[in-house]
Amino acid sequence: MMPRGLMLFAAGFGTRMGALTADRPKPLVEVAGRALIDHALDVIKPVVSGPIVTNLHYRADQLVAHLAGTGVRTIRETPNILDTGGGLRHALPLLGNGPVWTMNSDAVWGGVNPLRLLQEHWREGMEALLLGAPPEKAIGHDSPGDFTPGPPVARGPGLIYTGAQIIRTEGLADIPDTTFSLNKLWDGMLERGTLHVIPYPGEWCDVGHPAGIALAEEMLARHV
């Protein structure tokens, strides 16, 4: 089954952004004159035919107003943020059954559409397909990697997880915690050999910190 809906994670406090998020949520921080969440929607809208859902917490009213008229469905996490796993499970009534895309709202892409790339490589029998950036293609992110692509895929240096994936959600029902990371779901998939990772051939910029803004703008200029 191919994915239809997408979960866009946007509930964080943006503490790494410092003063930039004192009066706004991180997805409304601007890169090249446009909000981060609008850069994300540029990637999402050409590919995703089903519901697009985003979770909100910090200064949620600003994001609700910004997204009015876009067709994006918003879901608030109160009183506490639920993390990626809890947040995705909380949004399932709006996303429906079957696999979904997930994506972070604090990254900018330079190159082919990452969601279309995932769609083209999604196969029967996969429980998750993650998109990873080689360290030399990960702008503003200093890490040797999160996953060794294998096979079999394992945690370790190799590819940096970009926040973009296709994932089956059935296993979320078996996790007793309210607030938890998707890492808990991935652990079982890694043991079963059903988690897969592919490299992103373009550039990916982490804009979770102030220095990432200028780096993202430079990257975008290279891909005009």
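Colleague: What makes the meeting of the side chains of Lys-184 and Asp-177 a salt bridge?

Modeller: A salt bridge here is a side-chain nitrogen of Lys or Arg within 4 Å of a carboxyl oxygen of Asp or Glu. For Lys-184 and Asp-177 the N to O distance is 2.8 Å, so the pair meets the 4 Å limit. Before we go on, please note that this is a predicted model, where local features need pLDDT of at least 70 and side-chain atom pairs count only at pLDDT 80 or more, while totals for chains, interfaces and linings use all residues. Residues are numbered from 1 along each chain as its sequence is written, and side-chain values use heavy atoms, with hydrogens and water left out.

Colleague: How many salt bridges does that rule give?

Modeller: The count is ten. One of them joins Asp-42 and Arg-34, with the closest N and O atoms 2.6 Å apart. In general, side chains of opposite charge can pair when their charged atoms come close.

Colleague: Are Lys-184 and Asp-177 buried or exposed?

Modeller: Neither word fits, because buried means under 20% relative accessible area, exposed means over 50%, and partly exposed is in between (1.4 Å probe, protein chains only). Lys-184 has 44% and is therefore partly exposed. Asp-177, with 28%, is partly exposed too. The other pair also falls between the cut-offs: Asp-42 is partly exposed at 41%, and Arg-34 is partly exposed at 33%.

Colleague: Which residue forms a salt bridge with Arg-192, and what does the pair tie together?

Modeller: The partner is Glu-127, and the closest N and O atoms are 2.8 Å apart. Arg-192 lies in helix α5 (residues 183-192) and Glu-127 in the loop between α4 (114-121) and β8 (128-133), so the bridge ties together parts that are 65 residues apart in sequence. At 52% relative accessible area, Arg-192 is called exposed.

Colleague: How do you know where a helix such as α5 is, and which of its residues are buried?

Modeller: Helices (H or I, at least four residues) and strands (E, at least two) are DSSP runs, numbered from the N terminus. In α5, the buried residues are Leu-185, Trp-186, Gly-188, Met-189 and Leu-190. Their cover includes β8, β10 (147-148), β11 (154-155), β12 (160-167) and β13 (195-199). After α5 comes Gly-193, with a positive phi near 75°.

Colleague: Why is Thr-102 called buried?

Modeller: Thr-102 is called buried because its relative accessible area is 0%. The residue sits in strand β6 (residues 100-104). Leaving out residues up to four places away in sequence, Thr-102 touches Met-7, Phe-9, Leu-88, Tyr-161, Gly-163, Ala-164, Gln-165 and Ile-167. A contact means heavy atoms within 4.5 Å.

Colleague: And what about Leu-95: buried or exposed?

Modeller: Leu-95 has a relative accessible area of 6%, so it is buried. Leu-95 belongs to helix α3 (residues 83-95). Residues that Leu-95 touches include Gly-5, Pro-51, Val-53 and Val-100.

Colleague: What is unusual about phi of Ala-32?

Modeller: Ala-32 has a positive phi of about 55° although it is not a glycine. Most residues other than glycine have a negative phi, and most peptide bonds are trans. Ala-32 lies in the loop between β2 and β3 (34-35). Arg-59, also not a glycine, has a positive phi near 50° and is found in the loop between β4 (52-56) and α2 (60-67).

Colleague: Which residues does a cis peptide bond join?

Modeller: One such bond joins Thr-78 and Pro-79, with omega about 0°. Pro-79 is in the loop between β5 (73-76) and α3. The bond from Pro-151 to Pro-152 is cis as well, with omega near -5°, and Pro-152 lies in the loop between β10 and β11.

Colleague: Stepping back, how many helices and strands does the chain have, and why is it called as compact as a globular protein of that length?

Modeller: The chain has six helices and 14 strands. Its radius of gyration is 16 Å, close to the 17 Å that the globule rule gives for 224 residues, so the chain is as compact as a globular protein of that length. The radius is taken over C-alpha atoms, and the rule is 2.2 Å times the number of residues to the power 0.38. Buried residues make up 53% of the 224 residues.
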